[in-house]
Amino acid sequence: IVNVWYSVNGERLGTYNGHTGAVWCVDADWDTRHVLTGSADNSCRLWDCETGKQLALVKTSSAVRTCGFDFGGNIIMFSTDKQMGYQCFVSFFDLRDPAQIENNEPYMKIPCSDSKITSAVWGPLGEFIIAGHESGELNQFSAKSGEQLSNIKEHTKQINDIQTSRDMTMFITASKDNTAKLFDCTSLEHLKTFRTERPVNSAALSPIFDHVVLGGGQEAMDVTTTSTRIGKFEARFFHLAFEEEFGRVKGHFGPINSVAFHPDGKSYSSGGEDGYVRIHYFDPQYFEFEFEA
């Protein structure tokens with residue numbers, strides 16, 4: 001079940017009921033009118049954000065792993081898993097053409113036969129998408145022609161998460177190879193690497209400072225065999241330019257699956273395998289320290 005909450009006080013506003021399997025991805029468009037969700041129940045659904053009403057349902061052959069709105073909120077993309085004899089596809093629908101949704105016919109479908117896509121985001125101005133693969137590869141696919149614009153392999157294991165910077169010039173990847181890496185959105189040039197001792201499940205860039213937060217921990221299935229301290233379930237903060245760790249925040253007693261900064265940069269949230277979403281507000285000194293530095 002997808003839930004919407006107030007970040008200020010943790011009050012739950014409502015739910016989006018309809019999915020019958022694990023929900024792997026959620027995205028809201030730029031003005032928060034619509035919400036897009038992808039699930040293991042082999043469907044991608046479009047919702048009215050305010051009322052929770054389901055506006056569209058796209059059925060797929062396998063689980064939907066990633067989804068997202070483009071810059072203007074008119075085009076959606078989602079990727080499906082390579083499973084049950086079906087290969088991985090990235091599908092593009094234009095919401096201005098209702099026939100595409102009704103007939104379940106995307107205007108473009110890109111096959112990815114080599115390695116399944118585990119995370120994908122839109123690039124600047126919706127010209128292309130950036131996709132991370134199970135193999136550790138990164139691709140750019142044109143949103144108009146579907147051709148592969150570039151391909152690099154900086155990670156040695158699966159990419160778990162991709163998040164862009166506020167101005168869409170850079171993006172950060174989180175990988176099972178115990179690192180998070182910073183790239184240029186357009187050229188895919190590798191800029192920085194942030195190293196840890198455990199798999200990184202999620203990484204986010206601060207919208208106001210040169211700071212990065214990483215979340216992760218050992219594999220979920222191994223958690224019961226270790227104490228929380230050894231499991232390394234803290235959120236870890238690194239300096240964007242110097243690649244140095246400057247802080248850790250404890251709290252979760254299971255691996256962190258996702259992290260995100262608030263758009264105003266004054267707080268961040270983390271969601272863990274322990275079933276909690278924790279919202280942390282930064283101290284006033286955090287802002288003084290940064291401006292003095």
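Two exercises with worked solutions follow, on a predicted model.

Residues are numbered from 1 along each chain as its sequence is written. In this predicted model, local features need pLDDT of at least 70, side-chain atom pairs count only at pLDDT 80 or more, totals for chains, interfaces and linings use all residues, and side-chain values use heavy atoms, with hydrogens and water left out.

**Exercise 1.** Determine which domains the chain has and how many residues each gives to the contact.

*Solution.* Step one: the domain assignment, which is automatic or from a database, gives domain 1 (1-113) and domain 2 (115-292). Step two: the centres of domain 1 and domain 2, taken over C-alpha atoms, are 22 Å apart. Step three: 22 residues from domain 1 and 21 residues from domain 2 take part in the contact, where contact means heavy atoms within 4.5 Å.

**Exercise 2.** Establish whether Ser142 is buried or exposed, and describe its surroundings.

*Solution.* Step one: Ser142 belongs to strand β13 (residues 137-142); strands are DSSP runs (E, at least two residues), numbered from the N terminus. Step two: the relative accessible area of Ser142 is 9%, so Ser142 is buried (under 20% relative accessible area, with a 1.4 Å probe and protein chains only). Step three: leaving out residues up to four places away in sequence, Ser142 touches Met108, Ile110, Glu127, Phe128, Glu147 and Leu149. Step four: a polar atom of the Ser142 side chain lies 3.1 Å from the backbone nitrogen of Lys144.

Technical notes: Helix = DSSP H or I, 4+ residues; strand = E, 2+ residues; numbered from the N terminus. Buried < 20%, exposed > 50% of the residue type's maximum accessible area, 1.4 Å probe, protein only. Polar contact = N/O pair within 3.5 Å; in protein donor to acceptor, adjacent residues only side chain to side chain.
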